[in-house]
Amino acid sequence: MSAWTVFVDFDGTITDVDTFDVLVRHFAGPQAWAQTEIGLDDGTTSLRDVLQRQASYVRAPYDDVAALLRREVTVDPSFAPFVAECRLRRIPITVLSSGIAPIVADRLARIGCGDVPIIANDVDTRLTGWTIRFRDAVGNGTDKAAIVRTARAAGRATVFVGDGRSDYAAALEADRRFAKSGHNLQRFLSARGSAYEAFASFADVRAALFAPPGVTTECTGYDLATSRLARSCPEDMSLRIAIGDP
Ligand SMILES: [Mg+2]
């Protein structure tokens with residue numbers, strides 16, 4: 001088994017927009033959405049509290065909400081090929097989300113990535129307003145940093161890919177970190193002078209991890225029908241991986 005393991009955020013990282021941004025704007029309007037975010041920037045409100053406030057606006061059956069999100073939220077088309085290449089190289093990949101596990105699972109299943117492990121929160125979908133059942137007693141609701149730390153303590157070298165506030169601590173724990181261009185995580189890491197690699201899509205992450213300049217990757221030919229890469233790859237990525245500054 002490879003010594004490397006990859007952790008990936010969901011909302012805004014695999015998708016183009018945040019799930020709860022879409023839901024609150026839909027169910028309560030843009031003004032309500034702005035209200036729910038007050039206090040996040042100065043730290044007087046936790047992300048967990050914001051998410052719960054946002055979830056309380058969602059007053060519809062789960063299936064209707066999932067259908068809405070399929071229409072309004074786009075999954076990065078280069079994510080499935082990235083997963084396929086990780087698999088081919090026997091590099092574990094896990095999605096870590098402060099959002100809701102069934103929603104993440106729905107989107108991953110629809111791109112042929114239904115077997116990717118997901119660590120996220122659960123939800124009660126009462127029609128009087130949804131309630132998130134947070135998995136961890138931390139401000140982010142999901143303790144992504146602890147999960148990355150545990151992997152490192154077990155001897156794994158870690159890659160973290162994210163975009164937002166819920167990724168700050170986890171990214172700092174990782175050996176190599178990717179921050180979505182123009183999003184909060186990039187601003188956070190830049191401000192503290194921490195090393196990171198910017199990305200716009202998983203095609204960039206894949207190229208950075210697996211296709212060094214001047215070396216043509218052997219892993220090409222993603223087959224949408226089978227969700228597999230057509231050609232075999234080396235089983236590790238030692239060629240390309242370099243541990244980032246801690
Ligand atoms: Mg995110």
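Here are three short exercises on the sheet in this predicted model, each with a worked solution.

**Exercise 1.** Work out how covered strand β1 is, and which way its side chains point.

*Solution.*
- Start with the strand itself: β1 spans residues 4–9, and six of its six residues are buried. The cut-off here is 20 or more other C-beta atoms within 10 Å of a residue's own.
- Now split the strand by direction. W4, V6 and V8 point one way, while T5, F7 and D9 point the other way.
- Put the two together: both sets are buried.

**Exercise 2.** Find the strands that pair with β1, and the residues that stand opposite V8.

*Solution.*
- Take β5 (residues 157–162): five bridges join it to β1, and the two run parallel.
- Then take β2 (residues 93–100), which is also parallel to β1, with four bridges between them.
- Look at V8: V161 stands opposite it in β5, and V95 does so in β2.
- Back at W4, the bridge partner in β5 is A157.

**Exercise 3.** Lay out the whole sheet, then add the helices that pack on it.

*Solution.*
- Write down the strand order: β4-β3-β2-β1-β5-β6-β7, an open sheet of seven strands with mixed pairing.
- Check the ends. β4 (131–133) and β7 (197–199) each have a single partner strand, so one side of each lacks a neighbour in the sheet.
- Add the twist, which averages 25° from one strand to the next.
- Place helix α6 (residues 101–110): it touches β2 and β3 (118–124), and its direction makes about 130° with that of β2.
- Finish with helix α9 (residues 184–192), which touches β5, β6 (176–180) and β7; its direction makes about 125° with that of β6.

Technical notes:
Residues numbered from 1 in each chain as written. Predicted model: local features only at pLDDT ≥ 70, side-chain atom pairs only at ≥ 80, totals over all residues. Buried ≥ 20, exposed ≤ 12 C-beta atoms within 10 Å, placed from the backbone. Pairing = 2+ DSSP bridges. Axes fitted to C-alpha atoms, helices over the stretch in contact; angles between N-to-C directions. Contact = placed C-beta atoms within 7 Å.
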